[in-house]
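Here is a short briefing on charged side chains and the largest pocket. Look at the structure before reading on.

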Amino acid sequence: MSKLRKIMLRTVQGIILFILLIIGLLYLTGNQYIIRGVQLTYLKGHKTANIDDYKDFDNNIILSKTPQPWFEHELYNQIPLSDTLRNELERYKSIGFFVAKDGEALWEHYWDDYSAESHTNSFSMSKSVVTMLLGKAIEQGYVKSLDQPITDFLPEFKDDEFAQKCTVGDLSAMTSGYDWSEDYYLPLNPTAKAYYGSNIEKQMLNRDFIEEPGKRFNYLSGTTQLLAILLQRAVGISISQYLQEEFWQPMGMENDAYWSKDRKDGMEKAYCCLNSNVRDFAKLGQLLLQDGKWNGRQILDSAFVQKMVTPNYEAFSKNEPARYGYSIWTDYEHEPNFYGLMGHLGQRIIVIPSENLVIVRLGHEKDDRNMGKGFLDNDTYYFVDEVMKMLKENKLLKSQSHVEKNPAAESPLPGH
């Protein structure tokens, strides 16, 4: 064997030994989830979790029952998207865009072989869904109120001084004081471990509370996962089953959905990972717009909906924009006012109450430029402002109509 071949062989052996050593250390330190994370991101050409990776996880299926398709507006897809909006959507690799006006589909566009039947990850939009489930659980008596102590359901924290003061509402409003670091990109991070790990409940219950709860807003995915554990214990069924029974089927969702889990017999990753499509996601926004009413039935208590979409002013300082209610992002300084469900990589369900509008955008990337449009992500303002501009140009705004529109609660509902 030549000297060069011997050197090459030793180099390869050294690399293999190094890799095995790293793998061993990851297992010894309880960080083996990183191996799975690398397999599902970097080895597939991604830098972070992606919208299609539900296929790589175990899932609970949320079954639809009697689909209620959206009514289509008389101008459905007849008005071209503005160049500014189309460029924004395509520059950041959007895969679906949907707008409903007065309860009817007005625009619906797809890219890159995605369709109305495609399933992609909601990411943090699911946090809002978990709080909607909380509202239902309160209505049905499984949870007393937003003020109920979490230790009534999570006795694992009964000796934690701060946890004793934490309420169910604190978990939803992101004022819990829980020990968490929010990052989708760093591998050694609790968010990454929750996403790629195999026992999310154990992970959540083994962390501490480190601040006085109820004081300040601090966006933490772990608190939503704690809320889901609490709900599962309170209701006695999985949050997927609860969503299916109380929302998905009563609202006539057009397709089944998938909620990704940590393992086959494990729990949903509730802070993210509800996989659906633009049409069914849009119905969640429409439900909030209609104050929880659907086809004449009160699916979610209207007072709870108002609680969700009202900024929690006490959690923000005087010089800080109050931008979050109960698992809902808000901007009531922008004209028009809007609120929304928002997720990693630019997943969006935006509601503009003044115009009975719901906007949904799904895609691979987020426009995170700082262009001074507002205090939320840059792309939300593109979607809101461009849709409003197109409506104005085509005389579809309420202020331009000579016919009085019905209020949101009485607007046409999809699928009678």
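How far apart are K136 and E139 in helix α4? They sit three residues apart, about one helical turn (helices are DSSP runs of H or I, at least four residues; strands are runs of E, at least two). This is a predicted model: local features need pLDDT of at least 70, side-chain atom pairs count only at pLDDT 80 or more, and totals for chains, interfaces and linings use all residues. Residues are numbered from 1 along each chain as its sequence is written, and side-chain values use heavy atoms, without hydrogens or water.

**Salt bridges**
- The count is 21 (a side-chain nitrogen of Lys or Arg within 4 Å of a carboxyl oxygen of Asp or Glu).
- K136 bridges to E139, with the closest N and O atoms 3.3 Å apart.
- K136 is buried at 5% relative accessible area, while E139 is partly exposed at 42% (buried is under 20%, exposed over 50%, partly exposed in between; 1.4 Å probe, protein chains only).
- R348 meets D377 at 2.9 Å, N to O.
- R348 lies in strand β12 and D377 in the loop between β13 and α12, so the pair ties together parts 29 residues apart in sequence.
- Salt bridges with shared partners join R348, K366, D377 and D379 into one network.

**A buried lysine without a bridge**
- K283 lies in helix α10 (residues 278–289).
- K283 is buried but has no salt bridge; D280, the nearest side chain of opposite charge, is 4.7 Å away.
- The K283 side chain reaches the backbone oxygen of G252 at 2.7 Å and that of M251 at 3.3 Å.

Key:
Lys and Arg count as positive and Asp and Glu as negative; His and the chain ends are not counted. A polar contact is a pair of N or O atoms within 3.5 Å; within protein, one must be able to donate a hydrogen and the other to accept it, and residues adjacent in sequence count only if both atoms are side-chain atoms.
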